[in-house]
Amino acid sequence: MNKEEEIEDSLRFCKEMQLYYKSGLFDNPKNVFEWEKYIPLAREEVKKNCQEKNVYQDKRLEEVIQYTTRLVETEKQKETDFVKDNDFSIGVSGDGTIVLEPTEQTDLHEEEKTERSFLGIVLCRFVEVVVCIILAFCISAGFNKFVGTHTMVEGSSMEGTLHNGDYLLVDKLSYNLGKPKRFDIIIFPYSEEIYYIKRIIGMPGEKIRIADGKIYINGEELVESYGTEPMLDGGVATEEFSLGEKEYFVLGDNRNHSTDSRSENVGTIKEENIIGKAFFRFYPFGNLGKIE
């Protein structure tokens with residue numbers, strides 16, 4: 001290519017680069033540094049022809065050259081920043097094209113990023129598990145306190161209905177919304193570590209007396225079929241007495257082998273001390289079902 005052809009090519013390049021860049025077709029070519037060889041030739045020819053006042057005396061063309069110069073400088077700066085940010089080295093291929101080659105440090109950075117990402121994922125999963133455990137604990141605690149729980153029968157005081165080793169579901173919600181009823185089987189504390197399971201016989205305000213193995217409520221015999229045999233001992237109920245407000249008289253179904261409200265150690269049960277109502281036996285499976 002002779003001098004005139006190089007000049008023509010340089011001027012054409014400057015015009016085309018402006019058009020391509022503004023049209024959006026241009027997108028950071030990798031041979032950006034090769035552009036510089038066109039600009040001096042184009043500027044030299046424009047200056048020369050401006051002096052001779054020939055065909056190249058055109059201010060718009062000078063603006064194109066200036067625009068292209070700024071464009072080259074801008075793209076070169078982008079390449080430089082890209083190399084700095086990503087740890088690339090500049091190389092030249094066999095055909096003279098400028099290429100960017102990643103350094104070994106880039107791989108180290110990638111490994112560090114991957115490691116940080118992995119640790120972040122592990123930390124997030126750990127936090128999720130901890131939150132789930134806390135939520136499960138809170139839900140379980142709330143359910144046990146306000147809705148229901150379970151218990152196991154120990155002893156023979158409720159024989160005929162419940163047996164030693166039975167596992168029961170206890171309803172707390174009913175007593176949060178309403179009052180205990182006669183013949184409900186309730187759970188209440190005997191001490192800090194021992195809980196009793198008995199059946200409600202006497203209701204608040206009623207007069208209770210046990211005579212000849214029979215139960216009398218307000219002077220009338222109570223008709224019920226839960227006791228397995230006539231009571232031999234009426235205990236504190238041998239003499240008629242009245243239940244106070246929110247007080248309940250309870251007995252075990254195995255009347256002659258039960259420590260209940262007949263005993264001074266147990267006495268009447270305050271409503272606020274009732275934990276809940278046993279309503280369902282879920283083990284052993286052969287006796288699975290609702291408790292009467």
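This is a short tutorial dialogue on reading a sheet, a pocket and some salt bridges in a predicted model.

User: Let's start with the sheet. What is the order of the strands in the open sheet of 4 strands?

Analyst: A general idea comes before the case. In a regular strand the side chains alternate between the two faces of the sheet. Here the order is E9-E8-E7-E10, and the pairing is antiparallel. Strands E9 (220-221) and E10 are at the edges, each with a single partner strand, so one side of each has no neighbour in the sheet.

User: How many bridges join E7 to E8?

Analyst: There are 4 bridges between E7 and strand E8 (residues 214-217). One bridge pair is Ile210 with Ile215 in E8. The two strands form a hairpin, with 2 residues between them. Look at Asp212 in the turn: its phi is positive, about 55°.

User: What joins the other strands?

Analyst: E7 (residues 207-211) and E10 (residues 241-242) are joined by 2 bridges. Ile208 stands opposite Phe241 there. Another 2 bridges join E8 to E9. In that pairing, Tyr216 has Glu221 as its bridge partner.

User: Now the pocket. How much space lies in the largest pocket?

Analyst: Again, the idea comes before the case. Rolling a probe the size of a water molecule over the atoms shows where empty space is left. In this model, the largest pocket holds about 320 Å³. It is lined by 17 residues, and those closest to its centre are Glu154, Ile194, Tyr195, Tyr196 and Ile197. Strand E6 gives the largest share of the lining, 4 residues. By class, the lining has 8 nonpolar, 6 polar and 3 charged residues.

User: Next, salt bridges. How many does a search of the whole structure find?

Analyst: The search finds 9. Take Arg281 and Asp166: their closest N and O atoms are 2.7 Å apart. Arg281 lies in strand E13 and Asp166 in the loop between E3 and E4, so the pair ties together parts 115 residues apart in sequence. Both residues are buried.

User: Which residue forms a salt bridge with Glu206?

Analyst: Arg182 does, with the closest N and O atoms 2.6 Å apart. Buried means under 20% relative accessible area. Glu206 is at 11%, so Glu206 counts as buried. Arg182 is at 27%, so Arg182 counts as partly exposed.

User: Is Asp184, the partner of Lys277, buried or exposed?

Analyst: Asp184 is buried, with a relative accessible area of 9%. Lys277 is partly exposed, at 28%. The closest N and O atoms of this salt bridge are 3.8 Å apart.

Terms used:
Residues are numbered from 1 along each chain as its sequence is written. This is a predicted model: local features need pLDDT of at least 70, side-chain atom pairs count only at pLDDT 80 or more; totals for chains, interfaces and linings use all residues. Side-chain values use heavy atoms; hydrogens and water are left out. Two strands pair if DSSP finds at least two bridges between them. On a 1 Å grid over the protein atoms alone, a cavity is a set of points where a 1.4 Å probe fits but cannot get out, and a pocket is an open set with protein on both sides within 12 Å along at least five of seven lines; lining residues have an atom within 4 Å of a point. Grid points are joined across faces, edges and corners, and a volume is the space filled by probe spheres set on the points. Ala, Val, Leu, Ile, Met, Phe, Trp, Tyr, Cys and Pro count as nonpolar, Asp, Glu, Lys and Arg as charged, and the others, Gly among them, as polar. A salt bridge is a side-chain nitrogen of Lys or Arg within 4 Å of a carboxyl oxygen of Asp or Glu. Buried means under 20% relative accessible area, exposed over 50%, partly exposed in between (1.4 Å probe, protein chains only).
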